[in-house]
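The following paragraphs lead a new reader through one structure by way of selected residues and the contacts between charged side chains. Please look over the sequence and the structure before reading on.

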Amino acid sequence: MNDHKTAILLANIARGIGARNVPQRKLNTVFAKLWETARDNHKTMGLKSYNTMLACFAKFRRKRWARQILGEMHERSIRPDIATFTGALQLAETSSEAISVLTVMKKTGITPDDIFYKTLLTSLKHDPATAKRVFKNFKPTNRILYDAYLLQEWCEPIETLHELEARGIEPTISTYTSALRHRAPSQQADVLDLMAHRGHIGMIDDGFMSVIIKNSGSVPELRRVLTDCASLGVTLTPPIVFSALSCVRACLSDESTEDVVMFTRVLFHKALLEGSLVSTHLYKPLMEIFVEAG
């Protein structure tokens with residue numbers, strides 16, 4: 001058996017852990033089996049096998065075993081690659097540890113890739129200042145990494161979207177949807193205005209609308225959001241109506257019953273006119289709102 005075949009064997013065991021949804025109390029036993037398999041094939045283990053083990057241990061936060069893997073690689077003079085450092089980055093508990101991994105990797109002459117930087121952004125989510133500095137220094141040149149950056153709560157969406165344009169990177173609806181998550185209504189309105197200015201309103205899909213609706217948080221704000229979107233030519237599709245009804249139902253305890261019922265009736269009428277209610281699964285949440293509202 002060579003390194004490639006050993007890596008496949010280890011990967012199959014690792015995949016089985018997730019596929020069978022092993023209870024927490026049994027994970028140690030399963031990992032011990034994984035470790036035993038690696039020991040049995042110790043002589044054939046190379047970079048691929050070690051990376052497979054490291055990725056599994058890092059994913060399930062088995063830090064002691066993951067660090068043993070890194071130590072053994074060092075003892076056997078197995079040169080790490082980008083996958084090794086990405087696995088090591090997942091073990092970082094503080095921003096300083098995450099930056100240390102980046103520093104060591106650069107010293108080895110390995111250039112960070114998009115996956116590494118997305119993992120780094122996640123590791124630095126509680127340290128916005130450091131994350132912003134690292135991102136700016138990296139000077140990303142593709143949309144995928146910008147999408148990951150826009151998902152961060154501390155990211156300034158409009159500033160970042162303008163930077164994206166300045167770099168000649170074309171946004172997609174995924175980019176705009178990322179810019180909407182965790183945003184206040186005023187920031188959502190700014191994103192919509194920018195899309196309208198760029199002629200990108202036609203990109204809007206159900207997923208985008210679902211995020212806007214979820215962020216609204218109240219019936220008055222939901223009413224304003226749907227009105228603004230309707231003025232831009234957005235049609236009420238069944239998924240959009242379903243998201244709106246879910247939002248209304250979540251607001252029942254905090255809103256005037258009369259306002260909720262009135263808004264739901266107006267929404268029902270508009271959806272009926274646009275043909276959205278041909279989807280019968282929408283009638284259940286409608287009835288539940290009316291019943292709960294009394």
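Why are Glu 221 and Arg 224 separated by about one helical turn? The two residues are three residues apart in helix H14, which covers residues 219–231, and this is why about one helical turn separates them. It should be said at the outset that the model is a predicted one. Within it, Glu 221 and Arg 224 form a salt bridge, and their closest N and O atoms are 2.4 Å apart. Glu 221 has a relative accessible area of 16% and is buried, because buried means under 20%. Arg 224, by contrast, is partly exposed, with a relative accessible area of 31%. Elsewhere, Lys 136, Glu 163 and Arg 167 are joined into one network by salt bridges that share partners.

The whole structure contains seven salt bridges. One of them is formed by Lys 63 and Glu 93, whose closest N and O atoms lie 2.1 Å apart. This pair links distant parts of the chain, for the partners are 30 residues apart. Lys 63 belongs to helix H4 (residues 63–75), whereas Glu 93 is found in the loop between helix H5 (82–89) and helix H6 (95–107). The partners also differ in their surroundings: Lys 63 is buried at a relative accessible area of 16%, while Glu 93 is exposed at 53%.

A further salt bridge connects Arg 198 with Glu 165, and here the closest N and O atoms are 3.3 Å apart. Arg 198 lies in helix H12 (residues 185–198) and Glu 165 in helix H10 (residues 157–166), so the salt bridge ties together parts that are 33 residues apart in sequence. Arg 198 counts as buried, with 17% relative accessibility. Glu 165 is partly exposed, its relative accessible area being 47%.

The last stop is an uncharged residue, Ser 178, which is placed in helix H11 (residues 173–180). Is Ser 178 buried or exposed? Its relative accessibility is 7%, and Ser 178 therefore counts as buried, the limit being under 20%. When residues up to four places away in sequence are left aside, Ser 178 touches Asp 147, Leu 150, Leu 151 and Arg 183. Ser 178 can also be compared with Phe 208: the two are 30 residues apart in sequence, and their C-alpha atoms are 8.8 Å apart in space.

Terms used
Residues numbered from 1 in each chain as written. Predicted model: local features only at pLDDT ≥ 70, side-chain atom pairs only at ≥ 80, totals over all residues. Heavy atoms only, no water. Helix = DSSP H or I, 4+ residues; strand = E, 2+ residues; numbered from the N terminus. Buried < 20%, exposed > 50% of the residue type's maximum accessible area, 1.4 Å probe, protein only. Contact = heavy atoms within 4.5 Å. Salt bridge = Lys/Arg side-chain N within 4 Å of Asp/Glu carboxyl O.
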